[in-house]
Amino acid sequence: MNNEHFLSVNDLQVHFKTADGIVKATDGLSYTLDRGKTLGIVGESGSGKSVSSSAIMGLHQGTSARIEGNVWLDGVDLLTLSPPEMRKLRGKEIAMIFQDPLSALHPYYTVGHQIAEAYRVHNAVSKKHARKKVVEMLELVGIPQPERRFDGYPHEYSGGMRQRAMIAMALINDPSLLIADEPTTALDVTVQAQILDLLQKLQKEFNTAIIMITHDLGVVAEMADDALVMYAGRAVEYGPVSEVLTHPEMPYTWGLLSSVPDVTADTDIPMVPIPGNPPSLLNQPPGCAFQPRCVHSSKVPGDLCKTTMPDLLPGSHGGSGHLTRCHLPNPELIYETEVAHDVTPTQSEER
Amino acid sequence: MWAYAARRVVIGVMLLLALTLVTFVLFFASPADQARHACGKQCTDEQIAVTEKALGYDKPVYEQWGMFVKGLATGREFPADPELKKTHPEFITDCDAPCLGYSKTNGKTVNYLIGKAAPVSVSLAVVAVVLWLAFGVSLGIIAAVVKGSIIDRGIVGLTLIIYAFPTFFLGVFFLKFVVVKWGILAYPGYVSIAEGGVANWLNNLLLPGMTLALVFLASYVRMTRAFVLESLGEDYIRTARAKGLTSRRVLFKHALRAALTPLVTMTGIDFASLLGGAIITEQVFAYNGMGKLTVDSSQAWDLPTIIGIVVVAGAFVILANIIVDICYALIDPRVRLG
Amino acid sequence: MADTDESQTDGQNSVDPSEVEDAPSLDEVLQQSHKPTELDTTAPPVLTVDNLRMYFPVHSSGVIRRKVGDVQAVDGISFEILRGGSLGLVGESGCGKSTAGRAITRLYKPTGGSAKFGDRDLVKLSTRELKPLRRDVQMIFQDPYSSLNPRHSIGSIIGAPLRIHNMVPKKQTLSRVQELLEVVGLNPEHYNRYPNEFSGGQRQRIGIARALALQPKLIVADEPVSALDVSIQAQVINLLQDLQKEFDIAFLFIAHDLAVVRHFCPEIAVMYLGKIVEIADRETLYQRPNHPYTQALLSAVPDVKQAAIGGRRERIMLEGDVPSPINPPSGCRFRTRCPLAREICAKVEPPMVQIGPRHKVACHFAGELGNHPHDPVTARMLGVDNDGNPDPGATPTEIEETPGFNDVWFDLKERRTVKPS
């Protein structure tokens, strides 16, 4: 039992059985998170970042998913709970907001009704009381004229307002863990800034632990305390944001940094892509999943990258808190000499 | 919404008039001699000429159509002959507005004929639609919830097998076994509610209604199943589950409401087309509904009756569509009529 | 779940033995990745868009449906795209950038204005007259999943434009298709595969090959990379840069992502609610934006560098939402959310004024961030006082709103027209 941390995910596996074989959507994933802190999980589609978080919510119950490992939340292993027990926690202790707030809200019911439903399912209160509570929440998340907006339908809300309403729905039962699955990806940048501000403000107020799933390293840099980079269902780099994003040690993280030019940086940085395509989660080869796309694997002696999957171990920089899954013997040096200079000059300049 | 309905009604009326015009033109374009058919086989040329004049068949098509439209608005008299009216008022048949015409073949106004036949078809359609919705939708939901199981495959397979049988076979099958052999129900024959009360009316409609419903059952099961599955895959279902709702509430409150909306359209159109008559079922059970009237009047070249049926059946379809659209706006807040 | 589904389809070809290769070396990758595209400002314009308008009528809901107004999706935008150059059209959802692209490619019939392509006006041509021009102007779409017909092999998808326009003899269609596949970095032997066998990035390459088939002079790319994973976005952008250089194609690059646009486009126009608010070369727009909306957009982008410091960067927060384009605000359309808005902004629409060699802005208080003037720079040229009321004493200057740039411009500091020495 692990009581040190509020949330502690231990060797989580989510496997789907399909006609073509077993899809290892998430494999051997471990992390911890404390109240009031934010973990940013970064990865591309198919990296397992959403699947693993849905497993914490128990949303895979009733599907073909096979889930193993432990998810300790406040001393309880969520994976051992029965479906009715898990249902009582969903929406109350653990809440979730999704990428596309328009499709995540039911088009036929008013926004107020849908939020009130979330409240009433866990609290035996009258409709009138629930309405009062919802209006309070709507006001808290910055929706103007909440009394009137209560009776509005999702399609009458703007994108930003919808996501605010989703946040109100998620936080109405004062959950201790909030999973935000790409909460701003479908929104415009100026609205994204508003929503991120709101999340930070509310996190302080409610002391919520947040898992922020995103593909945007900028969002992680600004929102998260810890960063977890996922590739092909596994964590490849994990540690405090200030470590992972300033002294990245895994070539995939380097690639992510170099393929998105920074708007505030110099205008003449090249855009260095990661070659190749995302891997299949079926029949994974024995070695490092990133090896086929890794431009640095030639620096590892022998066939190590192809034959042996590296373990997630403390790297050379940042001590035991910064874990990487890579065979490179001296990633820090390679980053300093080859990558940082060519790829992200602003970062090396700052040092 | 009312402005929308009013606009749709206006368009519908214009559509109906166009429909009658097309029917007129088609009939007069055919080589058959209308007056001869109306008068009967034994008529002399002279009698045919009189009939032609009396029914207005000597006039050009557009004039006849004009008279028809006028009759719809103000009513007509058959034959339209002021002199005959003075001498022999008993030969004149009054046809009040909205006058659909006069069937010389039957010696009755079309309004009378349709007035007799429509309640039969409407009753049959109502019973059938209730049956197929009740069974089709519930079986479809069950199949969707237990997707991939034996029950799912059984429901879908069985309804498909039933669908494969022709209507007349099902009808005759029911008559032979349920009525004759097992004697569960009496031989059906139409009894109106006014004559025999609701129970009697329903009792007599059960078999033909079931026959008709079975035809539609398979498609409603499959559609319901598909819509429910689609709806269960929506993001808002995930949201509902993430809230901690029970699976029952997720299904009934969140999934079904969205899933069943498209069925409103299908039901409305299928129901409306049945109001115009279920030809085979009516034949098998010897019900004198709109379907039978259609067959009889077509065979007799009874133009006025056919036009009357076209107008009434068309009106049913148009009305059903307007009602479906209004229902949609009531169910789905995103739909704005206008 | 969607996550796993996607990865399965994505994975299908990565297990294909013909594609399992060793990763390229860093040098190879660096060689293929380009610096931002530079612009040859002396090149002649390929496309000159002048005062382009695209309205969609709004009808009443009475018994008789009257037209009661317009959605002014695009309301008078002007710009030039130089040969081999690319203009980025940036803005948030609903600003009209995609509508503008569709109006130029004539997927819509524009309400007014002109779009001169060579000596012909794309706005005025009839559908039949357009057909030969359709070759020269091609489009790439955002969603690589829905813009390819799943029932056609990619050979037939790429070959369709060749056949329709009789570009090559029938026998040579296949070899030309294979050539195109190679150009966009796909295996030419895969012409008989179907779209579902390709990953998102590869599908976008197919879409690009289709657009290239007719050797266009102008490609309108509507959010070509926003549906792709970040690592793939950079691949596609680099590919587009290669193609642009090789075939001398001009691009109108529509995107909401300022970072991507900056890399690909030497010139960028920022749109808000149907109008262009600022247009400038890359350097100026990103380093010294003068319009408060551009400044807000740039400041809203989350910053990776913040990781070193922790927390969030100070930024200009825009309040509220974009107003409806049916009833846009009077005067300046941005004024309802603008931190600088004053009385004049509601009364007079700010004209588009050239304030640098390749820099135009439409704002009464144009200025660099933190250096916005206290009184409107535009008052004198508009003939109004500082509150926007007509000033009988002032004589309005003729403001020439042309699509391109002039040799002389209005200097914001000196408040007069200057000529560069």
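Is Gln192(A) buried or exposed? Gln192(A) is buried, because its relative accessible area is 7%, under the 20% cut-off for burial. The model is a predicted one.

**Around Gln192(A)**

Gln192(A) lies in helix H8 of chain A, which spans residues 189-206. Leaving aside residues up to four places away in sequence, Gln192(A) touches Thr184(A), Leu187(A), Asp216(A) and Val219(A). Pro302(C) also touches Gln192(A). That contact brings in a residue of chain C.

**Two domains in chain A**

Chain A is assigned two domains. Domain 1 of chain A is made of 36-49 + 82-229, and domain 2 of chain A covers 231-350. Their centres, taken over C-alpha atoms, are 32 Å apart.

The size of an interface is often given as the accessible area lost when the parts come together. Here are the values for the two domains.

| Property, domain 1 of chain A and domain 2 of chain A | Value |
|---|---|
| Distance between centres (C-alpha atoms) | 32 Å |
| Residues of domain 1 of chain A in contact | 15 residues |
| Residues of domain 2 of chain A in contact | 19 residues |
| Buried area | about 1,300 Å² |
| Share of buried area from carbon and sulfur atoms | 65% |

Three residues stand out on the domain 1 side. Glu44(A), Leu217(A) and Val229(A) supply 45% of the area that domain 1 of chain A buries against domain 2 of chain A. No other three residues supply more.

What polar links join the domains? Six residue pairs are in polar contact between domain 1 of chain A and domain 2 of chain A, both residues being at pLDDT 80 or more. The count of salt bridges between these domains is zero.

Three elements of chain A each give at least two residues to the side of domain 1 of chain A that touches domain 2 of chain A. They are strand S3 (38-42), helix H9 (217-223) and strand S9 (226-231). S9(A) gives the most, with four residues. By class, the residues on this side of domain 1 of chain A are nine nonpolar, three polar and three charged.

**A covered helix in chain C**

How many residues of helix H3 of chain C are buried? Six of its eight residues are buried, so helix H3 (residues 97-104) is mostly covered, buried here meaning under 20% relative accessible area. The buried residues of H3(C) are Lys97(C), Thr99(C), Ala100(C), Gly101(C), Ala103(C) and Ile104(C). Lys97(C) is a charged residue on that list. Arg106(C) follows H3(C) and has a positive phi, near 60°.

Notes: Residues numbered from 1 in each chain as written. Chains lettered and ligands numbered in written order. Predicted model: local features only at pLDDT ≥ 70, side-chain atom pairs only at ≥ 80, totals over all residues. Heavy atoms only, no water. Domains from an automatic or database assignment. Contact = heavy atoms within 4.5 Å. Buried area = accessible area lost by both parts, 1.4 Å probe. Salt bridge = Lys/Arg side-chain N within 4 Å of Asp/Glu carboxyl O. Polar contact = N/O pair within 3.5 Å; in protein donor to acceptor, adjacent residues only side chain to side chain. Buried < 20%, exposed > 50% of the residue type's maximum accessible area, 1.4 Å probe, protein only.
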